[in-house]
2 protein chains.
Amino acid sequence: MTIYEIAEKADVSASTVSRVINNKSSVNKKTRNKVQKVLDEYNFSLNETARSLSTNQSKMIGILVADIRNSHYTDIAYETETNLLENGYCSIIINAGNTAERMRESIEILSKRQVDGAIIIGSIFQNKVVEKTLKKNFNDRPIIFLNGSLPNKNVYNLVVAEDEGVKESVYLLKEHGYKHILFMSWMETASNTLKIKGYKEGISNLGYTTYLLNITEKEIKTHNSDVLINYLKLNPQIDAIISSDDLLATLTIKCLTENNINIPNEIGIIGINNSEYCYITTPSLTSLDNKQSELGQLGAQSLINLLNNKSVSKKIQIFPEIIERESLR
Amino acid sequence: MTIYEIAEKADVSASTVSRVINNKSSVNKKTRNKVQKVLDEYNFSLNETARSLSTNQSKMIGILVADIRNSHYTDIAYETETNLLENGYCSIIINAGNTAERMRESIEILSKRQVDGAIIIGSIFQNKVVEKTLKKNFNDRPIIFLNGSLPNKNVYNLVVAEDEGVKESVYLLKEHGYKHILFMSWMETASNTLKIKGYKEGISNLGYTTYLLNITEKEIKTHNSDVLINYLKLNPQIDAIISSDDLLATLTIKCLTENNINIPNEIGIIGINNSEYCYITTPSLTSLDNKQSELGQLGAQSLINLLNNKSVSKKIQIFPEIIERESLR
DNA sequence: CTGAAAGCGCTTACAG
DNA sequence: CTGAAAGCGCTTACAG
């Protein structure tokens, strides 16, 4: 069923039908009612593809994410999708993986699909290939980059100041009486680098000693917790650990508990993400809430603003917040 | 840049350019090379919207999910999206929430967007409103319903036989010497009803006694584990618990551990989902793998088959598998 | 093997 | 307030 068929049944022109559908003011009330009746009677459903072609607006947004199964990304993707939909935009979500080739390909796909803009999620996209591909195939439409940043003129960068958050975590540990703070991580991402930066600044400002431990995922998942335990044997003065994310913190708690090290008395622990993991551990986990949901919402809203020709800052920062639970004394 | 402009530069007609782009056989090699050179030179990117309009195929699939943040759905959505993309289809993902109104709306949106088919994820969509809306606005394109079922003629239902899996879990507990098995849940979903059905069948086949406990999310999350502990005091013979999902199992372990009840000696525990939670608990969690990823893959593949006019069964069942870890003696 | 033309289903500037 | 016509950027049956 097309507007031409509706027009025929309603005995008007397609132009008029179109005007009724789009709520243009210039339609006589009687005509409008007549057309609307036919529209309803035939349960008319507009072909958005055709509309897109003629208006040159797809009302679709591309969302690029490495792997939506990563809970960080899931939250952000959820927030962006729902907020965009409320504003009349559908989301094409692509899991672009972590290879440059797939990233390039994904951007090209979104470009061909004529999305009106894009949201890129995750610092893993902060690289030369993405930068160049965007310049080549996506330089005429706005892009929001969440948790990363790129210099392209059409890219607007929104980041959570995780470095500040980790710095605050160091200060909080001091307030709770901890003096030898280990920063433990297992991913070599831009986000992790930022966290380490904040850790170092905090430690340095307090005149404390830096303890850094990077552990592989395999090492810790295979119950081979020797790496951490050995490190603690070599550095028995350590009395607090900041884990780069809650899952790692959870595994750390498991490891310490199995080795009869008391949390929070012997060692205090802070995780990052404030995820569901925080309340399933014993003791429950104090964690840095890095505001991923807010980031997603703000990202969607910023993109909407850009699409409506409102101005948006090229770089926006939001700040995490520490949620205290039982893992600190 | 359109194919007409390319045609002009290459001194051929737009038809020929189109044929080159679509790799039609009937183009002279020389002509093809000449056109391809211009295409490359100008970094031509085809407008898929225009193509969709003229071919009457959008090469887009709608994915309907209540809330992608639910890890079940995340896995399925990931698998469907990646598999569809490999086959040239983009995915519009809509978080439709759990109200009938939003579900209806979401289906209408996908219909207007001219998606070639849809994948519906989760038994929550198994209701009259969805059934009717599909009949009204989406009866001419194939739909794959994952983890639920609807009678519409264009809907193909794929389910995991969770009832069978839970029944097997009951048998496994018997093999491990457990005799009084509690089934514990906290969600009133169609999936949970199915699990309880399997539990009851297994228990009945063994001549065991049925123990069912439904706990609210709030009750357990607020550290108020009294409900479970009280239940165990009233039924001290209970020596095994099947939890309706891993998260609940994790919280159960936390609760029992805090009350000095030994797992797996005093009480054995089985979770459902075989998720990341399984290896962060002490002891690690034996769990029913309900094959959500396989379900997603199979769903995508089935949809592709339907779109290629291959036949697909109206109802497909796959079976879960128990992954044993340390929570059974 | 190639091109001119019609068509996909809308929107919108223009004329009345 | 309304309609005829052109245009959005492709594909494809038809003719040569």
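A disulfide is a pair of cysteine sulfur atoms within 2.5 Å. Keep that cut-off handy for the first exercise, and bear in mind that the model you're looking at is predicted.

**Exercise 1. Work out how many disulfides the structure holds, using C255(B) and C90(B) as test cases.**

Solution.
- Step 1: start with C255(B). Its closest cysteine sulfur belongs to C278(B), and the gap is 18 Å, so that's too far for a bond.
- Step 2: try C90(B). The closest cysteine sulfur here sits in C90(A), 13 Å away, which is again too far for a bond.
- Step 3: look at the surroundings of the two residues. C90(B) is buried, with a relative accessible area of 1%, and C255(B) counts as buried too, at 5%.
- Step 4: give the total. Over all chains, the structure holds zero disulfides.

**Exercise 2. Find out how chain A and chain B are related in space.**

Solution.
- Step 1: superpose chain B on chain A. That takes a rotation of 180 degrees with 0.1 Å of shift along its axis, and the RMSD comes out at 0.2 Å.
- Step 2: name the symmetry. The two copies are therefore related as by a two-fold rotation axis.
- Step 3: locate the axis from the side of chain B. I92(B) has the C-alpha nearest to it in that chain, at 2.3 Å.
- Step 4: check the interface. Since 100% of the interface residues of chain B are also interface residues in chain A, the copies meet through the same surface.

**Exercise 3. Describe the protein surface around DNA strand C.**

Solution.
- Step 1: pick out the nearest residues. There are 27 residues around DNA strand C, and those that come nearest are S18(A), S54(A), T16(B), R19(B) and T31(B).
- Step 2: see which part of the strand faces the protein. Of the strand C atoms that come within 4 Å of the protein, 64% belong to sugar and phosphate.
- Step 3: list some phosphate contacts. T16(B) has a polar side-chain atom 2.6 Å from a phosphate oxygen of strand C, and for R51(A) the corresponding distance is 3.0 Å. I3(A) uses a backbone N or O atom instead, 2.8 Å from a phosphate oxygen.
- Step 4: trace the helices. At least two residues each come from α1 (3–10), α2 (14–21) and α4 (48–55) of chain A, and from α2 (14–21) and α4 (48–55) of chain B. With four residues, α4(A) gives the most.
- Step 5: sort this surface by class. You get nine nonpolar, 14 polar and four charged residues.

**Exercise 4. Now do the job for DNA strand D, and find a contact to a base.**

Solution.
- Step 1: find the nearest residues. Of the 27 around DNA strand D, T16(A), R19(A), T31(A), S18(B) and S54(B) come nearest.
- Step 2: check the share of sugar and phosphate, which is 64% of the strand D atoms that come within 4 Å of the protein.
- Step 3: look for the base. An N or O atom in the side chain of R19(B) is 3.1 Å from a base nitrogen of strand D.
- Step 4: add phosphate contacts. The side chain of N22(B) places an N or O atom 2.9 Å from a phosphate oxygen of strand D, while a backbone N or O atom of I3(B) lies 2.8 Å from one.
- Step 5: trace the helices. Two or more residues each come from α2 and α4 of chain A and from α1 (3–10), α2 and α4 of chain B. Here α4(B) gives the most, with four residues.
- Step 6: sort by class. The surface near strand D divides into nine nonpolar, 14 polar and four charged residues.

Technical notes. Residues numbered from 1 in each chain as written. Chains lettered and ligands numbered in written order. Predicted model: local features only at pLDDT ≥ 70, side-chain atom pairs only at ≥ 80, totals over all residues. Heavy atoms only, no water. Near = heavy atom within 4 Å. Polar contact = N/O pair within 3.5 Å; in protein donor to acceptor, adjacent residues only side chain to side chain. Nonpolar A, V, L, I, M, F, W, Y, C, P; charged D, E, K, R; others polar. Buried < 20%, exposed > 50% of the residue type's maximum accessible area, 1.4 Å probe, protein only. Least-squares fit on C-alpha atoms with pLDDT ≥ 70 in both. Contact = heavy atoms within 4.5 Å.
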